[in-house]
Amino acid sequence: MYTTELKEQGGKVAPVSIVSEDPELVAAFEARVAADEFIEPKDWMPEAYRRTLVRQISQHAHSEIVGMLPEGNWLTRAPSLRRKAILLAKVQDEGGHGLYLYCAAETLGTSREEMIEALHAGKAKYSTIFNYPTLTWADIGAIGWLVDGAAIMNQVPLQRTSYGPYARAMIRVCKEESFHQRQGYEIMMTLGAGTAEQKAMAQDALNRWWWPSLMMFGPPDADSPNSAQGFRWRIKRDSNDDLRRKFVDATVPQAEFLGLTIPDPDLRWNAEKEGYDFGEIDWEEFYAVVRGEGPTARERMKARRDAWEQGAWVREAADAHEAKRRARLAA
Amino acid sequence: MAPSLPTIQPGDVANAEKARAGGSFDAGEAVEHHGALFDYLLRLGDDSLILGQRLTEWCGHAPALEIDLSLANIGLDLIGQASLFLNLAGEVEGKGRDGDRLAFHRDVLAFRNCLLVEQPNGDFAQTIARQFLFSTMQLSLFERLTGSSDHRIAEIAAKAVKEVRYHAELASDWVVRLGDGTEESRRRMVDGLDWFWRFVDEMFQSDEIEQSLTRAGIAVDRAELRQGFDATVGNVLRDATLPLPEYPRALTGGRIGHHGEHLGHLLATMQYLPRTYPDAVW
Ligand SMILES: [Fe+2]
Ligand SMILES: [Fe+2]
Ligand SMILES: [Fe+2]
């Protein structure tokens, strides 16, 4: 999640060509990756590997930052001091994840400003999930439980991804994600044990977040053209559909424990495959959200652009002050 | 027919008894002591709560990621302080109210925060001005409260003082950066500070409540903090190449519940869930 190939044209893009590279260097590089060695910033790497990583890591970083907004929407309205503190710590963590990831991507030679400008220009993508609105407090529970839950499922394998700085960032991120999921599930448990209104709120949140959560794993494997190269380069370690199945299998019993119903009439235990069969995802909706047509897509991008533009004078002042300070030290 | 006289209540008699024993000054104090401590803890807790609440409004919208993280950090510390003070206030009051009850089920007139903290965020320079003035005051207050004769207050202050030292440092660094940055940042910093000068005096005022607690060694005489505050503000503004203020006529009232118009809106947002679903546990 946060890293599934989200391209401009409905998720389809031609695999990047590596023909113009020195074949010996490419062979040595691929042998190292195949041996599960980490590639470090100073090492030689194919241009396509570099570009794919910048796209993937920056997309992940953008997702963390844009992901602060739907939950941030409830910070001022968290219903107890404890919940307010936990949610603030959680959203702050997401900002920290964004920071590690921008730093990891910068080691590949693209500056944070360039990446942020690509996001604001609509050239870079972020996870589709953050284009849905948070309507009630239960949405904060559902996001922690489902969205961070899906994040863990996707990010745990990335701790062994081939690019060293990315893998190390993922190790730090994963440590915090399990706290995120637990706080979300704890909110859901409290609501599930609460008043009739709270239970209804929890069920409604699950109804709205279930399908978008499944979409987080990206298009079906058959429509995931970059996968082969991603696997060979150890940038991707599990297929979208495998991760999605794993997520469904882990989550259905959690929903049952909460006394909630998964909004999928086709959901059924399949004893033969020892997993759940589930209904067809609305891929038309998924691609629409990828294109930037999600319910809160415009609000999210506007919030990010406004923060960036309205904060420009602050960043300029910090730079100007630093320059003055250095000049005084040199004098 | 007997003339109609005000009825003497049992409480009046009890007060009169005490007055004879301890002198009229101390008598009121002994009776009021619990109420005074409760009120004082609300002042401490509400300052932190309301400013923490304001800072959460920035989350996800700050000028840079690093600033977002710093503001969230300060907000977290303040909300933590608020929980400690308000839970203690509830305990002292002894009516079964806890920190959440106090935070989410009091109306404007019962809030005891100073006016400065309830002011809207404004632009980043205003937020920094507010933080700088508040944290500078709070640091000197908590440094002294670590010696409070009420060990519960002393403990909270000891924990919080480390956090607040960082808040004050971070805010003054930004005052210097913005003051001595660009033309625009300087103008905004001047405006930001200008917006808040009228709320400074209130932070150093004390009343009967605080004076009685100060005599008991529980509270701190806020007037004694002023000199250090003025010196710090002077130093930071000099580093920032900013003009020193002439303090305008002070606005006050927060400590007795007479707030500005902004607080009601802040509370409407903050308290909406527990108020809408009064039977629910979250
Ligand atoms: Fe995260
Ligand atoms: Fe993540
Ligand atoms: Fe998370």
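1. A good place to start is Cys103(A), which is partly exposed, with a relative accessible area of 40%. Here buried means under 20% relative accessible area, exposed over 50%, and partly exposed in between, using a 1.4 Å probe and protein chains only. The sulfur of Cys103(A) is 17 Å from the closest cysteine sulfur, in Cys174(A), which is too far for a bond. Cys174(A), in turn, is in no disulfide, and this residue is buried, with a relative accessible area of 12%. Over all chains the structure holds zero disulfides, a disulfide being a pair of cysteine sulfur atoms within 2.5 Å.

2. Before going on, please keep in mind that this is a predicted model, where local features need pLDDT of at least 70, side-chain atom pairs count only at pLDDT 80 or more, and totals for chains, interfaces and linings use all residues. Residues are numbered from 1 along each chain as its sequence is written, chains are lettered from A and ligands numbered from 1 in the order in which they are written, and side-chain values use heavy atoms, with hydrogens and water left out.

3. Now for the metal site. Glu94(A) (OE), Asp148(A) (OD), Glu177(A) (OE) and His180(A) (ND1) coordinate the iron ion (ligand 3) at 1.9 to 2.2 Å. Donors are N, O and S atoms within 2.8 Å of the metal (3.2 Å for Na, K and Ca); water is not among the atoms, so sites may look incomplete. Along the chain, the donors of this iron ion follow the spacing E-x53-D-x28-E-x2-H. Asp148(A) lies in helix H6 (residues 137-158) of chain A and Glu177(A) in helix H7 (residues 164-192) of chain A, so the pair ties together parts that are 29 residues apart in sequence. Helices are DSSP runs (H or I, at least four residues), numbered from the N terminus. Both Asp148(A) and Glu177(A) are buried.

4. There is a second iron ion to look at too: Glu94(A) bridges the iron ion (ligand 3) and the iron ion (ligand 1), which lie 3.4 Å apart.

5. Finally, the two chains. In all, 48 residues of chain B are in contact with 46 residues of chain A, contact meaning heavy atoms within 4.5 Å. Between chain B and chain A, the rule finds three salt bridges across the interface. Each is a side-chain nitrogen of Lys or Arg within 4 Å of a carboxyl oxygen of Asp or Glu. The side chains of Arg328(A) and Asp180(B) meet in a salt bridge (3.2 Å, N to O).

Key:
Helices (H or I, at least four residues) and strands (E, at least two) are DSSP runs, numbered from the N terminus.
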